[in-house]
Amino acid sequence: MLGVRIGRVCAAVAFAFGSVASAQGKSATSAAETRTIAALVRRFYADSVLSDRSTIATARFAKLLDTTPTPGAMLPRGTRLAIREIERDSAHAVYETESGPEKHFADWYTYLVRESGKWKIDNVRIFELPPVHFLILDSLEAKKNLPDSLGFARDRMRLAASSNAALKAYFAAHKAAILKLASDFESHTALNALDESGATFPADALPQGDRNALTAAMHALNLGAALRKHDALQCVRYKIGGAEQTTVGYMHFGATCEKPTMGTEDVMYMERVAPGWYVYRTG
């Protein structure tokens with residue numbers, strides 16, 4: 001019996017070490033692949049000349065680019081590049097590249113596919129606020145004793161111009177208040193939209209007291225609008241701001257909400273910040 005028990009113990013130890021070795025092997029492979037993809041992305045954004053685009057781009061994307069200069073040819077030499085992986089599975093990957101100065105950065109999103117065993121770029125989109133956004137923001141930040149309305153505009157514009165890391169940190173710092181706002185807004189099933197002025201769609205969807213309370217809560221959180229489609233009540237966007245189609249904010253997905261796919265719809269970027277919650281960018 002003692003020999004049997006010793007044999008079982010040895011087998012268990014061997015299995016445990018085998019599992020650890022397997023996990024370490026997969027981790028090492030994943031890390032190596034991450035480095036490979038990151039190097040490819042860096043080349044696309046840093047190299048001023050890419051003589052053979054077929055080595056890093058799919059045929060579809062290379063045709064779309066045609067003679068268009070790559071980011072590496074457009075960005076000034078020495079531009080700061082911060083590259084990170086957002087998501088990856090066996091066939092697709094999404095990478096973020098921040099370029100430029102800390103305050104007025106551009107946020108590039110690179111969508112890659114595995115093609116015949118090699119990773120290649122299949123699309124690129126950029127989130128960049130117009131220069132006028134920063135001109136107005138700089139002007140507001142230079143002024144003192146702003147009225148509440150302009151103070152709200154300044155703070156919202158500042159948040160809209162923040163990095164993804166800052167947006168995730170902001171959500172974490174204000175999570176309880178954001179969840180409370182979402183609970184209150186989403187409890188009104190006839191309400192599709194509320195903006196910073198208190199205007200709703202439909203116009204008569206809220207009693208005045210609820211309208212005032214929700215608007216005040218949005219102002220306190222530097223949010224400019226709460227939006228959802230009538231046929232998708234559990235898919236809600238809490239927009240911070242932006243310009244026209246270039247927007248940024250937080251999305252809340254209920255159990256029945258079909259999540260967008262990055263890069264194939266208006267959402268170019270989304271990243272989980274809490275169960276059912278994502279920070280997002282459109283453009």
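Let's start with one pair of residues: E96 stands opposite Y109 in β3. The β labels come from DSSP, where a strand is an E run of at least two residues, a helix is an H or I run of at least four, and both are numbered from the N terminus. Two strands count as paired if DSSP finds at least two bridges between them. Strand β2 (residues 92-99) and strand β3 (residues 106-115) run antiparallel, joined by 8 bridges.

Before going on, a word about what you're looking at. This is a predicted model, in which local features need pLDDT of at least 70 and side-chain atom pairs count only at pLDDT 80 or more, while totals for chains, interfaces and linings use all residues. Residues are numbered from 1 along each chain as its sequence is written, and side-chain values use heavy atoms, leaving out hydrogens and water.

The pLDDT is the predictor's confidence in each residue, on a scale from 0 to 100. Here the protein averages 88, and 89% of the residues score at least 70. Residues 1-17 have a pLDDT below 50, and this stretch has 0 contacts in the model beyond near neighbours in sequence; a contact means heavy atoms within 4.5 Å. Where pLDDT is low, the predicted coordinates should not be read in detail.

Back to the strands. β2 and β3 belong to an open sheet of 4 strands, ordered β1-β2-β3-β4 with antiparallel pairing. At the edges stand β1 (81-88) and β4 (118-127), each with a single partner strand, so one side of each has no neighbour in the sheet. On average, neighbouring strands here are turned by 25° against each other, direction ignored. For angles like this, axes are lines fitted to C-alpha atoms (for helices, over the stretch in contact), and the angles run from 0 to 180 degrees between N-to-C directions. In the loop between β3 and β4 you'll find S116, which has a positive phi of about 55° although it is not a glycine.

Now for the other sheet. This open sheet has 7 strands in the order β6-β5-β7-β8-β9-β11-β10, again with antiparallel pairing. Its edge strands are β6 and β10 (267-274), each pairing on one side only. In the middle of that order, β8 and β9 pair over 8 bridges in the antiparallel sense, and C235 has F253 in β9 as its bridge partner.

Two helices go with these strands. Helix α6 (residues 164-173) lies across β8, β9, β10 and β11, running at about 40° to β10. Helix α7 (residues 175-186) packs on the sheet and touches β5 (193-195), β7, β8, β9, β10 and β11, with its direction at about 125° to that of β8. Take a look at P202 too, in the loop between β6 (200-201) and α8 (208-220): the peptide bond from F201 to P202 is cis, with omega near -5°. As a rule, most residues other than glycine have a negative phi, and most peptide bonds are trans.

What about the empty spaces? On a 1 Å grid over the protein atoms alone, a cavity is a set of points where a 1.4 Å probe fits but cannot get out, while a pocket is an open set with protein on both sides within 12 Å along at least five of seven lines; lining residues have an atom within 4 Å of a point. Points are joined across faces, edges and corners, and a volume is the space filled by probe spheres set on them.

The largest pocket has a volume of about 580 Å³. Of its 26 lining residues, K229, C235, R237, M251 and D266 are the closest to its centre. The largest share of the lining, 7 residues, comes from β8.

The second largest pocket holds about 280 Å³ of space. Among its 16 lining residues, the closest to the centre are H92, Y111, T261, M262 and T264. β1, β2, β3 and β4 are the elements that give two or more residues to this lining.

Finally, how many cavities of 30 Å³ or more are there? The count comes to 1, and the largest cavity has a volume of about 50 Å³. F105, F127, E128, L129, F134, A160, A161, S162 and R281 line the largest cavity.
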